[in-house]
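Here is a short tour of the contacts that hold the attention in this model. Keep the viewer open beside the text and follow along.

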Amino acid sequence: MRNSTLLVLGAGVAVMAAGMVMPGWLTFLLTLALAKGLVVMGLLLLMKAGLVSFGQGLYYCLGAYCVGVAGDYLETQNALFLMLIAVVVCVALAAVIGLLLCRYRDIFFAMFSMAFSMILYGVLVKSSAFGSSDGFNVKPPLLFGWTPTGEPGPLMAYGLAVTAVTVVGIFVWNYLRSPMGYAGEAVRENEIRVEYLGSSVRRIIYIKYLLAAAMAGLGGGITALAAGHIDPEMAYWTTSGEFVFIALMGGTGHVAGPVIGAVLFELIRTYAFQISPYTWQMILGIALLAIILYLPKGVWSLVERFTKEKTS
Amino acid sequence: MITSFVKKSTLAGLLVASAVAQPVLAADEYKLGLVTFLSGGAAGPFGVPAKNAADLVLETLNAGGLPAPYNMKGINGRTIKPVYVDEAGGATKQASELRNLVERQGVDSVVGYISSGDCLAVPAVAEELKTLTVLFDCGTPRVFEDSSYQYVFRTGPTATMDNVAASHYIKEMFPKLDSVSGINQNYSFGHESWADFNGSLNKLIPNVEVTTKQFPKIYAGQYGAEISALMVNSANVIHSSFWGGDMEAFLLQGSARGLFEDQTAVLTTGESAMYRLEGQIPEGTILGGRGPFGIYAPDNALNRWFREAYIARFETAPTYPAYKMVQGIFGLKLATEKAAEKVKGQPTTEDVVSAFENLVYEGPGGTVSMNMGNGHQASMEMVYGRYSHKSGEPSVTDVRRYPAACVNPPEGMSSIEWIEKGMPGAKCN
């Protein structure tokens, strides 16, 4: 276990170093993809427990607006401080909404979570102080007044995203191997049995919901800092749908699935944009269909297949 | 399974390879990024007319077939090669795509953006990449009021003047006006349009009653409840900034229920539907075109050429998004050629930027003055008229033209502040 943690840390450092030589567009694309990967990692925790949230956009958008609004009012560009605010506010809201949501399963959970994100969308569209549907601009991030290039640029946000994904990834990897992590699958398989074993199903789901909200808030905060602009579209249900799409693409079998899925999704989308500006949606749709048909457990199942072949 | 994997990876490899392989760029080619809606609800009314206009103008420019002062081939003699990008996907996606256009595709400059959200998001990227970016259609005045940019220009006027001019027009047409109502989409453009209209009308005619204001969802398509509310709370004038399918649906559903029999609608973007709905628009409806475009465009050589060529090729008259696209490309071309006069060889982006600032030029819609936002934001006159189908052809009567200085705030003052203070310094004749 220690070895694999070191391996992930090493990979994080390598990816960060690669950012120095990458073209700018790729750095930016990877930053956004990694931020989405964070949100989908949270979604993965819920999916393992058999719950599909169509409302992670709520925390993604809330995290982004926390960073934007706090940055404006407190006049700070300190990324760590802003991301902390985003996570705290998201967890606080999830602590309230979660009390209600963890009573529901299946389609009811999906629809309820979507309803809450659409409420945030509706409120933001009506609030002209936050720029209504046009949103507003966010200043680029600094780390206690420092940036890697001396001036604000995409590299800073990239570094934040890589660090966040590495740290959260290691956490989720270990969490999924802890009793609390396995409890998720147990809940999916048989709730009554879990209760008889002496665990509270509601508590298990509640904690997963809080963790997922924290990750979505962090992802939203990083997106806001990287893109420099936020709008209510981040809370719209299509954004939440995109996260589910990425989860299906990457696969829910492993923590790396969401990250691979997100990077793949962004790469396919941007090249689809370039190759066929009129029918890029079709290319994305065909890609998902192909993955569902040939790799029902997502892209990650390829890795599993090859490692299994090797060990057997 | 393995063979299907091989097939798929070959396919993916081919895709990536074809995308990464950069076409060899000839030295005398000018790569121009063009961003408009090619999918979604804004594609039909705005994105596609703008793209059609760009196709037509770029082809004619490359052949050197335009009237003076646009008769030089391409841009400063370089053949223009357009690269189209769909504006769909939201502001973050567009910020990302602008990077791709510049860093992956190597465009020289970009003309584009219809959505105000995108226009707020992309300038920061344009500044970072030091790429000349011309915003051609979006309306929010916040772009240059909240920030100032070096490499970003907007050749289309802001939405403020649409609604301020609408107030002036109503004051003239309805001397006994005592009530107005409004129906606008529930998003930034709708809210801002209503606020500007209501604010300026209150300053021009005090004590006008607002009977009701409706904000249905954008792309709702069904306005039964809102039309009932407008009928029950009857007013002299109904203000609406609806566009595209929403405006068409509202007109058709409202006409069927007799909404426009004793109430007059002010459609601030109505010009864009004039030809599509020629039989359905009620007689006397007040139509705006977001500037002197389309039917309101002046009778000059450029406009005659543009209208004839556009109708001949696309079998419909050009609407305002088409005019604004041409205006954006012309501004970029003129600024580049003006900058080239002073230097040897091709001018740098910075040369073009300083030539573009405070540029005054003629487009198919008349004079464009880049005299707002530190020389980066255009102002133009605004025109309103009333729809008439009596001659059997769609036309407008009672046309009034408001000079730019009458319907735009003075340099350095924000639109909201200007309207709140009662529009000081407005020079109307």
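How many residue pairs are in polar contact between domain 1 of chain B and domain 2 of chain B? In this predicted model, the count is 7 residue pairs, with both residues at pLDDT 80 or more. Salt bridges between these two domains number 0.

**Inside chain B**

It helps to see where the two domains run. Domain 1 of chain B covers 28-158 + 298-379, while domain 2 covers 160-292 + 381-420. Taken over C-alpha atoms, the centres of the two domains are 28 Å apart. Where they meet, 26 residues of domain 1 of chain B are in contact with 22 residues of domain 2 of chain B.

The two domains bury about 1,900 Å² between them, and 51% of that is on carbon and sulfur atoms. On the domain 1 side, B:Glu145, B:Thr158 and B:Tyr320 lose the most area to domain 2 of chain B, together 27% of what that side buries. Elements giving two or more residues to this side are α2 (43-62), α5 (142-146), α11 (320-342) and β12 (366-372) of chain B. Sorted by class, the domain 1 side has 11 nonpolar, 10 polar and 5 charged residues.

**Between the chains**

Now move to the contact of chain A with chain B, which takes 34 residues from chain A and 41 residues from chain B. Together the chains bury about 3,500 Å², 57% of it on carbon and sulfur atoms. In chain A, the residues that lose the most area to chain B are A:Trp25, A:Asp134 and A:Phe273, together 18% of what that side buries.

Between chain A and chain B there are 15 residue pairs in polar contact, both residues at pLDDT 80 or more, and the salt bridge count is 0. Several elements of chain A each supply at least two residues to the side that touches chain B, among them α2 (24-48), α5 (106-126), β1 (136-137) and α9 (201-227). The largest share of that side, 6 residues, comes from α11(A). By class, the side of chain A that touches chain B has 17 nonpolar, 11 polar and 6 charged residues.

Here are the two contacts in one place:

| Contact | Buried area | On carbon and sulfur atoms |
|---|---|---|
| Chain A and chain B | about 3,500 Å² | 57% |
| Domain 1 of chain B and domain 2 of chain B | about 1,900 Å² | 51% |

**Links within a chain**

Which residues form a disulfide with their sulfur atoms 2.0 Å apart? They are B:Cys119 and B:Cys138, and the count over all chains is 2 disulfides. The link of B:Cys119 and B:Cys138 is left-handed, with -95 degrees about the S-S bond. B:Cys119 lies in helix α4 (residues 116-129) of chain B and B:Cys138 in the loop between β4 (133-135) and α5 of chain B, so the disulfide ties together parts 19 residues apart in sequence.

Salt bridges come to 21 over all chains. In one of them, the side chains of A:Glu191 and A:Arg105 meet at 2.4 Å, N to O. This pair links distant parts of the chain, 86 residues apart: A:Glu191 is in helix α8 (residues 191-196) of chain A, and A:Arg105 is in the loop between α4 (79-101) and α5 of chain A.

Notes:
Residues numbered from 1 in each chain as written. Chains lettered and ligands numbered in written order. Predicted model: local features only at pLDDT ≥ 70, side-chain atom pairs only at ≥ 80, totals over all residues. Heavy atoms only, no water. Contact = heavy atoms within 4.5 Å. Buried area = accessible area lost by both parts, 1.4 Å probe. Salt bridge = Lys/Arg side-chain N within 4 Å of Asp/Glu carboxyl O. Polar contact = N/O pair within 3.5 Å; in protein donor to acceptor, adjacent residues only side chain to side chain. Helix = DSSP H or I, 4+ residues; strand = E, 2+ residues; numbered from the N terminus. Nonpolar A, V, L, I, M, F, W, Y, C, P; charged D, E, K, R; others polar. Domains from an automatic or database assignment. Disulfide = S-S within 2.5 Å.
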